[in-house]
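Here is a set of short exercises to work through with the model open beside you. Try each task yourself before reading its solution.

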Amino acid sequence: MQVVETLRWNNGRLEMIDQRVLPARFEYLAYDSAAEVAEGIRAMVVRGAPAIGCAAAYGVALEALACRGLGAGEFSAALQKAFDVLAASRPTAVNLFWALKRMRAVWQGIKDRPAGEIAERLLAEAHEVRAEDIRINRTMGAYGAALLKDGARVLTHCNAGALATAGHGTALGVIRSAVEAGKRISVIADETRPFLQGARLTAWEMVQEGIPVTLITDSMAGHLMSRGEVDAVVVGTDRVAANGDVANKIGTYMVAVLARRHGIPFYVACPLSTIDLGIADGAAIPIEERAAEEVTGFRECQWAAIGVAVRNPAFDVTPAELVSGLITEKGVVLRPDQERIAALFG
Ligand code: MRU
């Protein structure tokens with residue numbers, strides 16, 4: 001099942017689905033430079049941690065290709081600027097910085113070679129970042145699918161689907177893999193205020209594939225859990241600290257607390273590229289604050305009182321103690337803690 005190509009390379013350009021306008025419109029936007037890609041990430045044309053990492057890798061490659069006619073010094077300066085502009089696009093998803101580090105290592109390994117050769121090598125690496133992401137999601141999907149019983153009703157928050165990755169998805173990848181394995185799975189999608197990734201993107205992906213999905217507002221999750229209507233929670237993540245604390249879309253923490261209250265397993269689908277061993281615990285994870293307009297209304301419609309003060313943290317941190325398991329490409333880490341996470345990189 002590969003129904004959406006979130007990002008694709010076409011005729012020397014990066015094309016990305018414009019996720020701001022889904023599901024009303026399905027269209028690709030084309031990108032030619034690192035600055036354009038950085039703006040696409042900032043504006044959330046592309047979003048979701050692994051997809052942001054892939055886009056950034058292509059952003060570096062695009063800049064190298066555009067500048068390959070320059071002299072060595074100017075080429076290096078342009079590439080350095082590309083890394084800086086991409087790194088400043090969004091702060092929370094560590095996959096962005098993981099991908100940039102990987103691209104920089106490739107560059108540094110061949111930095112004395114002609115610019116054209118460096119550019120081709122960077123493009124090949126960006127293609128590999130993308131292909132690897134799909135392979136990893138499929139591996140995680142198989143591990144995660146084994147955790148879901150036939151008939152499971154799975155609640156998810158935000159969109160950790162094909163649209164948030166190069167394909168297949170992390171949390172929705174687990175659900176897709178379970179369905180492919182013949183299990184009857186139904187999805188409960190939190191709408192995910194304020195950007196509505198659940199209502200607009202997760203619901204769209206599931207409807208496209210005929211996987212049963214029911215949309216709820218975020219505040220309905222506890223009620224459904226209390227009535228025994230949720231068997232498991234599976235979400236994605238933007239950054240996991242060394243001790244297992246999980247940053248994900250705002251509202252995830254609330255879902256995790258509710259799941260614990262009702263004895264429902266809370267799983268986090270998490271490629272190793274999302275684990276940040278450099279951050280000891282969740283308190284140190286940078287949390288993006290976005291524009292007030294995302295809370296006071298949607299697109300042209302403003303519903304909040306003009307002049308009201310607004311907070312709009314885009315992510316929250318779920319303490320590791322509330323996480324039943326991290327689903328990774330190296331297997332499921334039950335009750336994650338510092339030791340078990342370190343062992344993944346052993
Ligand atoms: O603000 P977004 O839409 O980029 O946030 C996305 C999420 O929080 C996802 O759950 C996370 O990136 C995991 S995507 C596989």
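**Exercise 1. Find the bridge partner of I17 in strand 3, then describe the sheet around this pair.**

Step 1. This is a predicted model, and in it I17 is bridged to Y28 of strand 3.

Step 2. Widen the view to the two strands: strand 2 and strand 3 pair in the antiparallel sense, over four bridges.

Step 3. Now look at the sheet. Three strands make an open sheet with the order 1-2-3, and the pairing is antiparallel.

Step 4. Strand 1 (7-10) and strand 3 (28-31) each have a single partner strand, so they stand at the edges with one side lacking a neighbour in the sheet.

Step 5. From one strand to the next, the twist averages 30°.

**Exercise 2. Work out where V46 sits, whether V46 is buried or exposed, and which residues V46 touches.**

Step 1. V46 lies in the loop between helix 1 and helix 2.

Step 2. The relative accessible area of V46 is 1%. Buried means under 20%, so V46 is buried.

Step 3. Leaving out residues up to four places away in sequence, V46 touches M16, Q19, G40, I41, A51, I52 and A55.

Step 4. Compare sequence with space: V46 and E15 are 31 residues apart in sequence, and their C-alpha atoms are 10 Å apart.

**Exercise 3. Describe the largest nonpolar core and say which elements build it.**

Step 1. Start with a general idea: in soluble globular proteins, nonpolar side chains tend to be buried together.

Step 2. Here the largest nonpolar core has 45 residues, and I41 and L122 have the most contacts inside it.

Step 3. Two or more residues each come from strand 2 (13-17), helix 1 (34-42), helix 2 (49-66), helix 3 (72-87), helix 4 (94-109) and helix 5 (115-145).

Step 4. Helix 2 gives the largest share of this core, 13 residues.

Step 5. Another core, of 26 residues, lies apart from it; A256, L322, V333 and I341 are among its members.

Step 6. Zoom in on I41: not counting residues up to four places away in sequence, I41 touches V46, I52, A55, A56, L86, S89, R90 and L96.

**Exercise 4. Describe how helix 4 and helix 5 pass each other.**

Step 1. Two packed helices are described by the angle between their axes and the distance between the axes.

Step 2. The axes of helix 4 and helix 5 come within 10 Å and cross at roughly 145°.

Step 3. The crossing of helix 4 past helix 5 is right-handed.

Step 4. List the residues that meet: helix 4 brings W98, R102, M103, V106 and W107, while helix 5 brings I118, R121, L122, E125, A126, E128, V129 and E132.

**Exercise 5. Find which way the residues of strand 7 point, and which strands pair with strand 7.**

Step 1. In a regular strand the side chains alternate between the two faces of the sheet.

Step 2. In strand 7 (residues 232-235), A232 and V234 point one way, V233 and V235 point the other way, and all are buried.

Step 3. Strand 4 (residues 153-156) runs parallel to strand 7 and is joined to it by two bridges. L155 has V233 as its bridge partner.

Step 4. Strand 10 (residues 266-269) also runs parallel to strand 7, with three bridges between them. V234 is bridged to Y267.

**Exercise 6. Place T318 in its strand and its sheet, and decide whether T318 is buried or exposed.**

Step 1. T318 belongs to strand 14 (residues 315-318).

Step 2. The sheet is open, with four strands in the order 11-8-9-14 and mixed pairing.

Step 3. Strand 11 (275-276) and strand 14 are at the edges: each has a single partner strand, so each has one side without a neighbour in the sheet.

Step 4. Strand 9 (residues 246-249) and strand 14 run antiparallel and share four bridges; in one of the pairs, A247 is the partner of V317.

Step 5. With a relative accessible area of 0%, T318 is buried.

Step 6. Beyond residues up to four places away in sequence, T318 touches D245, V246, T252, Y253, A256, F266 and V323.

Notes. Residues are numbered from 1 along each chain as its sequence is written. This is a predicted model: local features need pLDDT of at least 70, side-chain atom pairs count only at pLDDT 80 or more; totals for chains, interfaces and linings use all residues. Side-chain values use heavy atoms; hydrogens and water are left out. A nonpolar core is a set of buried Ala, Val, Leu, Ile, Met, Phe, Trp, Tyr and Cys residues joined through side-chain atoms within 4.5 Å. Buried means under 20% relative accessible area, exposed over 50%, partly exposed in between (1.4 Å probe, protein chains only). Contact means heavy atoms within 4.5 Å. Two strands pair if DSSP finds at least two bridges between them. Axes are lines fitted to C-alpha atoms, for helices over the stretch in contact, and angles run from 0 to 180 degrees between N-to-C directions. A crossing is left-handed if the near helix is turned anticlockwise from the far one by less than a right angle, and right-handed if clockwise.
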